[in-house]
Amino acid sequence: MASTTTSTQSAGGAGDSENVYRLKLVKFRGRDVNILLQNENGPCPLLAAANALLLHEKVKLPTSAVRNNVASLSDLTNVLANFAMLSGDNDSKAATGHSFLLDELLKIIPKLQYGMDVNPKFTCGITGYEYTQELACFESWHVKLVHGWLCDPTDESMVPLFQALGNKTYNELIEYVIQGKEADAKLPQLQEELNQLQVQAASAPSIEAEAQLAKLQEQIQSLQSDSARANYIDHFLATTGHQLTQYGLTTLHQDLEESELVVFFRNNHFCTMTKHEGHLYLLVTDLGYANTPMVVWERLDMINGDTEYVNSLFKQPGEISQSGSSLTPEQLAAQAGQNDADYHLALHLSMQPHGDTTINTQSQDALDSEEGKLIAAATEASLREFHGEPTATTATLPTTAPMVTDPNVAPAGAATPAAMDIDQIQSTQESADEMLARQLAQEMAQEQQRQQQQQTPSLETEDERLAREIQAQEGEM
């Protein structure tokens, strides 16, 4: 086993749902911040590190991601790689090579959505890990990766265990456990050989028999020592399978600074952690709470037990309710293309001149033609969606989208919103098309009214001139 954590990639393979992250707007220190929510890859290190930097305002998501309420893997990769290059040590970049570092980051960062190799040490504090390339990414972002899987050196009953653990990593301790099991398998046979030698030495004492006896006894003692050490280690790993000890939790409280943002590793999951008024909190990124603004943080004050959720002010919320869209990240990504088209059209219309007294007829005809085509396309898309036919602007979506939850964190029986079915998605698309059509029709009507208003004064002036001429001719007669 290369590490204590396995890949969180789903068995179905890579897909669009694994490469997009839904956003949630939360308050942090009086500021509005868009955080990333879990997708099918669960609470991965990429998500936790990015959220720590977003909350700290060290990085910002692209405006298109914020507008569409969904961020892609390429968005995160570019943002995090650029931040690492800008905030890195200039000397180290010059020595290693700027382009080499960037290439390495672009290779490593996307892999973090599936997990990372973590090899913790149990007697070296909350940041005790074996150094890896993935851990180098965290250093380039200036984000600590911490854990609370620690052995208590102050407990006298754990002194043998502390000595057995030493300065070793998880992988090295697993090797000790394997050696201990192998020793247990050899000991019975060697013990039997020892008993036979002792009988022979008693009946026919000799220097050679004594030497064989001493060598065998030494071998047995070594194996017994390996077995005892393995038992200590195996018992510790088995009884702390949740990967957090009371001593580790206490050390986290002591070592973390107030308001510090770090990534917390536990139970093969990675979460964004902060310290507020002496208490530790984990950022809630479960997709089931996407529409629950009063649930933002989860308090961590016990190594096991009930979970306490709090709001952006770190206060217990009242009645927990949900509001807003229940679209999954992949559904939001499917709508992003249409949203971007609508946005660019609105931007184009807003840039048209409104104060000119003359209108270019050719430009106006071209604009009217473009608007007519868009209205017709929107109407056709709505009809095709109504009859269940695929369209060019929407992707085929599953009837039920998977909801990613953390079974080790979320409370039992916690209610999560059902994924939006295909009828709701069609209704949402139709509403968007109708809104676009109405908006274009309204703008066309306003433009025609403006033209009529510009022409009316000149018509009234002509009528008045003719009236005055008639009156003048009658006066002469």
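**Stop 1: helix H6**

Start by selecting helix H6, residues 133-141, in this predicted model. Color Leu135, Cys137, Phe138, Ser140 and Trp141, and you have residues of H6 that are buried.

Now step just past the end of H6 to histidine 142, where phi turns positive, at about 60°. Histidine 142 is a residue other than glycine, and its phi is positive all the same. You will find histidine 142 in the loop between H6 and E4. Is histidine 142 buried or exposed? With a relative accessibility of 56%, histidine 142 counts as exposed.

**Stop 2: from lysine 144 to glutamate 260**

Stay in that loop and select lysine 144, which sits between helix H6 (133-141) and strand E4 (145-147). Which residue forms a salt bridge with lysine 144? The partner is glutamate 260, and the closest N and O atoms of the pair are 3.2 Å apart. Glutamate 260 belongs to the loop between helix H10 (246-255) and strand E5 (261-266), so this salt bridge ties together parts that are 116 residues apart in sequence.

Show a surface and look at both partners. Glutamate 260 has a relative accessibility of 16% and counts as buried, whereas lysine 144, at 39%, counts as partly exposed.

**Stop 3: other salt bridges**

How many salt bridges does the structure hold? There are six, and the pair you have just seen, glutamate 260 with lysine 144, is one such bridge.

For another, select aspartate 32 and lysine 27. These two form a salt bridge whose closest N and O atoms are 3.0 Å apart. Aspartate 32 is partly exposed, at 49% relative accessibility, and lysine 27 is partly exposed too, at 40%.

Next, go to glutamate 308 and arginine 299. In this salt bridge the closest N and O atoms are 3.7 Å apart. Glutamate 308 has a relative accessible area of 26%, which makes it partly exposed. Arginine 299 is likewise partly exposed, with a value of 21%. Add Asp301 to your selection, and you have a network of salt bridges linking Arg299, Asp301 and Glu308.

**Stop 4: helices H1 and H3**

Before you move on, here is a hint for the viewing: two packed helices are described by the angle between their axes and the distance between the axes.

Select helix H1 (residues 45-55) together with helix H3 (residues 73-87). Their axes come within 11 Å and cross at roughly 60°. That angle makes H1 oblique to H3. The crossing in which H1 passes H3 is left-handed.

Show the side chains where the two helices meet. On the H1 side, the contact is made by Leu46, Ala50 and Leu53, and on the H3 side by Leu73, Leu76, Leu80 and Phe83. What kinds of residue make up the contact of H1 with H3? Seven are nonpolar, none is polar and none is charged.

**Stop 5: asparagine 51**

While H1 is still selected, pick out asparagine 51, which has its place in this helix. Asparagine 51 has 0% relative accessibility and counts as buried. Setting aside residues up to four places away in sequence, asparagine 51 touches Ile35, Leu36, Thr272, Leu283 and Thr285.

**Stop 6: helices H8 and H9**

Now select helix H8 (residues 170-203) and H9. The axes of H8 and H9 come within 6 Å and cross at roughly 150°. As with the earlier pair, look at the handedness: H8 passes H9 in a left-handed crossing. Color this contact by residue type, and the residues divide into 19 nonpolar, nine polar and eight charged.

**Stop 7: glutamine 243**

Follow the chain from helix H9 (207-239) toward H10 and stop in the loop between them, at glutamine 243. What is the phi of glutamine 243? Phi is positive here, at about 65°, although glutamine 243 is not a glycine. Glutamine 243 has a relative accessibility of 7% and counts as buried, whereas histidine 142 from the opening stop counts as exposed.

**Last stop: the whole chain**

Finally, zoom out and select everything. The protein chain has 13 helices and nine strands. Of its 477 residues, 42% count as buried. If you display contacts between residues at least 6 apart in sequence, 67% of them join residues at least 24 apart.

Methods: Residues numbered from 1 in each chain as written. Predicted model: local features only at pLDDT ≥ 70, side-chain atom pairs only at ≥ 80, totals over all residues. Heavy atoms only, no water. Salt bridge = Lys/Arg side-chain N within 4 Å of Asp/Glu carboxyl O. Buried < 20%, exposed > 50% of the residue type's maximum accessible area, 1.4 Å probe, protein only. Helix = DSSP H or I, 4+ residues; strand = E, 2+ residues; numbered from the N terminus. Axes fitted to C-alpha atoms, helices over the stretch in contact; angles between N-to-C directions. Parallel < 35°, antiparallel > 145°, perpendicular 65-115°, else oblique. Left-handed = near helix turned anticlockwise from the far one by under 90°. Contact = heavy atoms within 4.5 Å. Nonpolar A, V, L, I, M, F, W, Y, C, P; charged D, E, K, R; others polar.
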